[in-house]
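Welcome! Let us take a walk through this structure, beginning with its inner spaces and ending with a few residues that merit a second look.

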Amino acid sequence: MKRIIIALALMAQLPALAQNFTLNGVINDKSYDGLYMYLRRVAVTNNREASTVDSAVIKDGRFHFSLTATAPYMARLALPEKDSVHHFLYGLPETECVVEPDARVTLTFDAADPYSTTLTGGHINADYNATVLAANRLCRQQTSQMMRQRQEDEQKAPYTDAQNEAYSKRLTAIYAAMKPATLTFISHNIGNDVGATMLFATGPDYLGQATFDSLAHIVKPELLAAYNTRVAKEKAEVEQELKAREYNRPGVPYTDFVSKTSDGRTVKLSDYLKPGHILLVDFWASWCVPCQMEIPHIKELYKQWHDKGFDVISVSLDTKHAAWEKAIARNKMPWPQLSTLEGFSADAAKRYAVGAIPFVILIDQQGRLALVNMHGDVLDKKIAELLQ
């Protein structure tokens, strides 16, 4: 008996036994053959983040995953970008499933309606299919019918304001009907990471604060703390962006920022402001096609006005040094190039609330913003006005 007790105690200290999980994907469309499907583990406290767990090549309209799992977690299935330069995506949408121990799951994409995804096999996946995915399928069916009906109606006469209002109310009601299914799935799984992931993904704005709080206290304290930290950080970032937008208007003094040159030197925006000169700050990136299209025009402006006091610096929102350097060489820009390789999270982008590129600011001789994100003739005329 003593030996049995010792053995049981030792077993209790061992990590959970890894069990096999298989996923068979059925696309029924051979046009995707040869591509890799990626399975990514979704972060519990932030569903916008996911780490790649495995990949599988698509053959004959099918793909297969086999891996070990000690506990269930939410996973996202997605194809790579169709065009990494333009960020075009394939027609097959991202789809989520649950990686759960000792489960054999089949995921089927409906070729006629790629958003009507079904899951079979596995206890949690079956629950997800019967609640969340079923509600999604019904929602899409109803909204598609409404859209078709509207197109038929408007061939006879455009919708009136009253019809538009009624249409919007019907859409709102359809989407609201999805909430009970989502809440049911979360309630069934709130004791594991899958339920916690869904809870934090939907949040109190969707579920209601009281409902969210009643479920949140069940999840692991460390997960709730991490979620609250993220939400607080995002709220502060929104407030910072609103403040930046408030101060980023013509006539307001420029806001300094810190960045780096391509050889790694730390510099500031103010380092490039010269007495009696105006400065154009051009936010761009190697992957941004409109940015590339705008560069030749900026080069013409630079050639025309540089000797009269027109300076330019480019701030790249790239995240990869090699891509940035290659784009610099290709575009042959004769002015300073800066980047911290942090994308839109860069200090420079945050201080000027850059949400899309190309984005430019023009600073006058007194260090005030003369233009904010104005291009073409408006920019040309302002430069001439300041220097003539």
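We can start inside the protein, where strand 9 (258-260), strand 12 and helix 10 each give at least two residues to the lining of the largest cavity. Please keep in mind along the way that this is a predicted model. The volume of the largest cavity is about 40 Å³, and the count of cavities of 30 Å³ or more comes to one. If you would like to find the walls of this cavity, look for Val258, Ser259, Val315, Ser316, Leu317, Ser339, Thr340, Ala346, Asp347 and Ala348. Sorted by class, these lining residues are five nonpolar, four polar and one charged.

From the cavity we can move on to the pockets. The largest pocket holds about 750 Å³ of space. Its lining is made up of 27 residues, and those nearest the centre are Tyr128, Val132, Leu133, Asn136 and Met178. Which element gives the most to this lining? Helix 2 does, with nine residues. Strand 6 (95-99), helix 2 (123-154) and helix 5 (193-207) each provide at least two residues of the lining. In terms of chemistry, the lining of the largest pocket has 14 nonpolar residues, along with eight polar and five charged ones.

Next comes the second largest pocket, with a volume of about 420 Å³. Here 16 residues form the lining, and Glu237, Glu241, Phe344, Ser345 and Lys350 are the closest to the centre. Two or more lining residues come from each of strand 3 (46-57), helix 7 (221-247) and helix 10 (347-351). Helix 10 may sound familiar, as it also supplies at least two residues to the lining of the largest cavity. The largest share of the lining of the second largest pocket belongs to helix 7, with seven residues. By class, this lining has seven charged, five nonpolar and four polar residues.

Now for some single residues. Strand 12, which we met at the cavity, spans residues 310-316 and contains Asp311. Is Asp311 buried or exposed? Asp311 is buried, and it has no salt bridge. The nearest side chain of opposite charge is that of Lys274, 4.1 Å away, while a salt bridge calls for a distance within 4 Å. Asp311 does have a polar contact, though: its side chain is joined to that of His306 at 3.3 Å.

The last stop is the backbone. Most residues other than glycine have a negative phi, and most peptide bonds are trans. Where does this chain depart from that pattern? One place is the peptide bond from Ile357 to Pro358, which is cis, with omega near 5°. Pro358 sits in the loop between helix 10 and strand 14 (359-363).

Asp102 has a positive phi, near 55°, although it is not glycine. You will find Asp102 in the loop between strand 6 and strand 7 (103-108). With a relative accessibility of 53%, Asp102 counts as exposed. Asn373 is another residue other than glycine with a positive phi, near 55°. Its place is the loop between strand 15 (369-372) and helix 11 (376-387). Asn373 is partly exposed, with a relative accessible area of 29%.

Note on methods
Residues numbered from 1 in each chain as written. Predicted model: local features only at pLDDT ≥ 70, side-chain atom pairs only at ≥ 80, totals over all residues. Heavy atoms only, no water. 1 Å grid on protein atoms, 1.4 Å probe; cavity = no way out; pocket = protein on both sides within 12 Å on 5 of 7 lines; lining within 4 Å. Points joined across faces, edges and corners; volume = space filled by probe spheres on them. Helix = DSSP H or I, 4+ residues; strand = E, 2+ residues; numbered from the N terminus. Nonpolar A, V, L, I, M, F, W, Y, C, P; charged D, E, K, R; others polar. Buried < 20%, exposed > 50% of the residue type's maximum accessible area, 1.4 Å probe, protein only. Lys, Arg positive; Asp, Glu negative; His and termini not counted. Polar contact = N/O pair within 3.5 Å; in protein donor to acceptor, adjacent residues only side chain to side chain.
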